[in-house]
Amino acid sequence: MPEVKEITDYLKNRTKEDVELIKKAFDFAKKIHGNQKRYSDEPYFNHVFETAKNLAQIGMGSVTISAGLLHDILEDGEVAPEELEKKFGKEILFLVEGVTKLGKIRYRGAKRHNESLRKLFVAMSKDIRVLIIKLSDRLHNMKTLKYVPTHKQERIATETLEIYAPIAYRLGIRKVNRELEDLAFPFVYPEEHRKVYEIMKEKDKENIKHLEKFHKSLKKSLANEGMVNIKTDYRIKGMYSLYKKLLRKKWDIEKIYDISALRIIVPTINDCYKVLGIVHGSWRPLPGRIKDYIAFEKPNGYRSIHTTIFTGDGTIVEVQIKTPDMHNAAEYGIASHISYKENKKNDDYLSWIKYLIPFKKTYYENGNEKSEKNLDLTEVPNWIKDLVEYQKNVKEKDEDFINNLKKDFFEHRIFVFTPKGDVIDLPIESVPIDFAYAVHSDVGNHISGVKINGKFVSLDTKLNNGDIVEIQTKKTSKPTSKWLEFVKTATAKKNIKSFILNNK
Ligand code: MN
């Protein structure tokens, strides 16, 4: 039986009010979900409990944790929003409603629209906490995916890999990112997963043995120098992350040096350098692998000292040295900042933006690395660039910051769908012609009619969020200069002008 203590034990600096709120949400959710069961045949309540527990683990505050316990309560209409608000207040109602709404978006598998879909997620979850609850919800759903009917598994796992895991990564919540990827991997790429598994199995046995031995002598060396107030652990690289690296290294496992890493967590920055000295004093470092991300932090804010050393028995190990703060920021990213805000009330709202990490330039299809042709993903997506640019121009501690941000970057965009469910994002007041050119210039150049949500409308009809737009084309149809009066996007304008110029 789940107990509320398993959650509240994670709360740092908890107050009586925090514990009472969580207890109240715990009891209410338990009562409402009653005898409902999951596919796994366990009580439905276990799902919301695990969701909330993960939120507590990554350091969220009592409000978010309570919303996590209540996140599925509006779903089946057994509780009215008014009742939830009366019991738990506006803030929790807002979070739960946000999570419920996000649950309605479905991934339909066109890779080129993933960026729009991710953006839609962010726009819809006006409060970043909604997104974090949703990630936590998905994490538990992935842990129990094997009980879900087979025909649903692949869609859910693909959606996890394409949408949820990258969002977690981008928010800097590495712990959740890794777990989501590794849980989804075998369902999406079963063959590749098996291959990586086989390679790992071989490596693992020797690795763990060497690692444990090294771990022991390292602790001894540190203790000899009087360093006892330290935490060490080792982490094995995630399977999916290893898979991606194997693809880059042509499946040569010997070229991957960070399969396993030893983490050393010490109280202060001074201690970090002291530990580095001790490590290098006892083991020979691999040239070119010493990275001081404390003196020079990574663009995404990551801080730590990395070095790779020869253990002396023929293996090499990566050692990462950091303080608890650096460790929390690296594992929980935005979550470690939000929770701080929730608990202390007066943290500034700006800090989370640096945790939005751009995507890498490659994607993978059927196990093969492919470069993106149409979209240049080496470019930081524009909306992130805008965010960062905006951040620079805003006065620190500007209380309206988040509000302005939403206005500028999300409220001025709309998200519409193709009949197949692909997402296209456009500036507000766009018309079907903008949509057509966003799909393809040929579609724009031969548009003959348009249906919005199943009804024929004129070409200058303004599109609304969530519209399903169906473009009809004819070979004989072509753009006219009149269109320039009502199109919104630069792409449409450019294409119309050049068509008219070339067809005079
Ligand atoms: Mn749920």
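**Figure 1. Phe415 of strand S8 stands opposite Asp425 of strand S9 in the predicted model.** The two strands run antiparallel, and five bridges join S8 to S9. Strand S8 covers residues 413-417 and strand S9 covers residues 423-427. Four of the five residues of S8 are buried, so this strand is largely enclosed by the rest of the structure. Both S8 and S9 are among the elements that pack against the buried residues of helix H17, shown in the next view.

**Figure 2. Helix H17, residues 432-439, is largely enclosed by the rest of the structure, because six of its eight residues are buried.** The buried residues are Pro432, Ile433, Asp434, Phe435, Ala436 and Tyr437. Which strands and helices do the buried residues of H17 pack against? The strands are S8 and S9, already seen in the previous view, together with S10 (447-452) and S12 (469-473). The helices are H18 (441-445) and H19 (490-502).

**Figure 3. The manganese ion is coordinated by two histidines and two aspartates.** The donor atoms are NE2 of His47, NE2 of His71, OD of Asp72 and OD of Asp137, at 2.2 to 2.3 Å. Along the chain these donors follow the spacing H-x23-H-D-x64-D. His71 and Asp137 link distant parts of the chain, being 66 residues apart. His71 lies in the loop between helix H4 (62-69) and helix H5 (81-88), whereas Asp137 lies in helix H8, residues 128-143. Are these two residues buried or exposed? With a relative accessible area of 0%, His71 is buried. Asp137 has 5% relative accessibility and also counts as buried, since the cut-off for burial is under 20%.

**Figure 4. Phe185, Tyr189, Tyr240, Tyr243 and Trp251 form one aromatic cluster.** The structure as a whole holds eleven aromatic pairs. In one of them, Phe185 and Tyr189, the ring centres are 6.5 Å apart and the planes meet at 65°, so the pair is edge-to-face. Phe185 is buried at a relative accessible area of 0%, and Tyr189 is buried at 8%. The rings of Tyr240 and Tyr243 have centres 5.9 Å apart and planes at 45°, so this pair is tilted. Tyr240 is buried, with a relative accessible area of 8%, and Tyr243 counts as buried at 0% relative accessibility. At Trp251, another member of the cluster, Lys195 lies over the face of the ring, 3.8 Å from the ring centre.

**Figure 5. Helix H12 is mostly covered, with seven of its ten residues buried.** The helix spans residues 239-248. Its buried residues are Met239, Tyr240, Leu242, Tyr243, Lys245, Leu246 and Leu247. Two of these, Tyr240 and Tyr243, belong to the aromatic cluster of the previous view. Within the helix they are three residues apart, about one turn. After H12 comes Lys250, which has a positive phi, near 55°.

**Figure 6. Lys24 lies over the face of Phe88.** The distance to the ring centre is 4.9 Å. Elsewhere in the structure, Lys195 and Trp251 show a similar arrangement of a lysine over a ring face, at 3.8 Å from the ring centre.

**Figure 7. Thr158 and Glu181 are 9.8 Å apart in space, C-alpha to C-alpha.** In sequence the two residues are 23 apart. Thr158 lies in helix H9, residues 150-170. Thr158 is buried, with a relative accessible area of 14%.

**Figure 8. The whole protein has 19 helices and twelve strands.** Of its 504 residues, 51% are buried. What share of the contacts between residues at least 6 apart in sequence join residues at least 24 apart? The share is 66%. The protein exposes about 25,600 Å², and carbon and sulfur atoms supply 49% of that area.

Conventions. Residues numbered from 1 in each chain as written. Predicted model: local features only at pLDDT ≥ 70, side-chain atom pairs only at ≥ 80, totals over all residues. Heavy atoms only, no water. Buried < 20%, exposed > 50% of the residue type's maximum accessible area, 1.4 Å probe, protein only. Contact = heavy atoms within 4.5 Å. Areas by Shrake-Rupley, 256 points an atom, 1.4 Å probe, with all protein chains shown as cover. Pairing = 2+ DSSP bridges. Donors = N, O, S within 2.8 Å, 3.2 Å for Na, K, Ca; no water. Phe/Tyr/Trp six-rings, centres within 6.5 Å; stacked < 30°, edge-to-face > 60°. Lys NZ or Arg CZ within 6 Å of the ring centre and 35° of its normal.
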